[in-house]
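Dear colleague,

Please find below the structure that I am handing over to you, together with its sequence. My findings follow directly after it.

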Amino acid sequence: MTWLGDELSRIADDMPERDLGTRAMEAHQRRRRNLVALAAAAVVVVTVLAATVGLRALPAQPA
């Protein structure tokens, strides 16, 4: 192995397994929260656009 490989191996051996698992889980939860926030923002934008188009489609003078 190379020097870098040996160093990375040593560092990985020193890290507790649960720490890596916890970090992976936190990253997953963060990505999920970001996705949910993006979806909520998209719903708001689509709703506002639909309301705007709907109001513009109404006749200017009531019959």
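Residues 35-58 are 96% helix and 0% strand, and the C-alpha atoms at the two ends of this span lie 35 Å apart. The coordinates come from a predicted model, and the values in this message should be read accordingly. In UniProt, an unreviewed entry annotates residues 35-58 as "transmembrane region".

As to the chain as a whole, the protein has 2 helices and 0 strands. Of its 63 residues, 3% count as buried. The accessible surface of the chain amounts to about 6,000 Å², and carbon and sulfur atoms account for 66% of that area.

Helix α1, which covers residues 3-14, contains both Glu7 and Arg10. The side chains of these two residues form a salt bridge, with an N to O distance of 3.0 Å. A search of the whole structure returns 1 salt bridge. Within helix α1, Glu7 and Arg10 are 3 residues apart, which is about one turn of the helix. How accessible are the two partners? Arg10 has a relative accessible area of 42% and is therefore partly exposed. Glu7 is likewise assigned to the partly exposed class, because its relative accessibility is 25% and the buried class is reserved for values under 20%.

There is also a nonpolar patch on the surface, with an area of about 460 Å². The residues that make this patch are Trp3, Leu4, Leu8 and Ile11. Of these, Leu8 can be placed in helix α1. Is Leu8 buried or exposed? Its relative accessible area is 51%, so Leu8 counts as exposed, the cut-off for that class being over 50%.

With kind regards

Key: Residues numbered from 1 in each chain as written. Predicted model: local features only at pLDDT ≥ 70, side-chain atom pairs only at ≥ 80, totals over all residues. Heavy atoms only, no water. UniProt positions renumbered as here; feature names shortened; annotations may be inferred. Helix = DSSP H or I, 4+ residues; strand = E, 2+ residues; numbered from the N terminus. Salt bridge = Lys/Arg side-chain N within 4 Å of Asp/Glu carboxyl O. Buried < 20%, exposed > 50% of the residue type's maximum accessible area, 1.4 Å probe, protein only. Areas by Shrake-Rupley, 256 points an atom, 1.4 Å probe, with all protein chains shown as cover. Patch = residues over 30% accessible without salt bridge, like charges linked within 9 Å, V, L, I, M, F, W, Y side chains within 5 Å.
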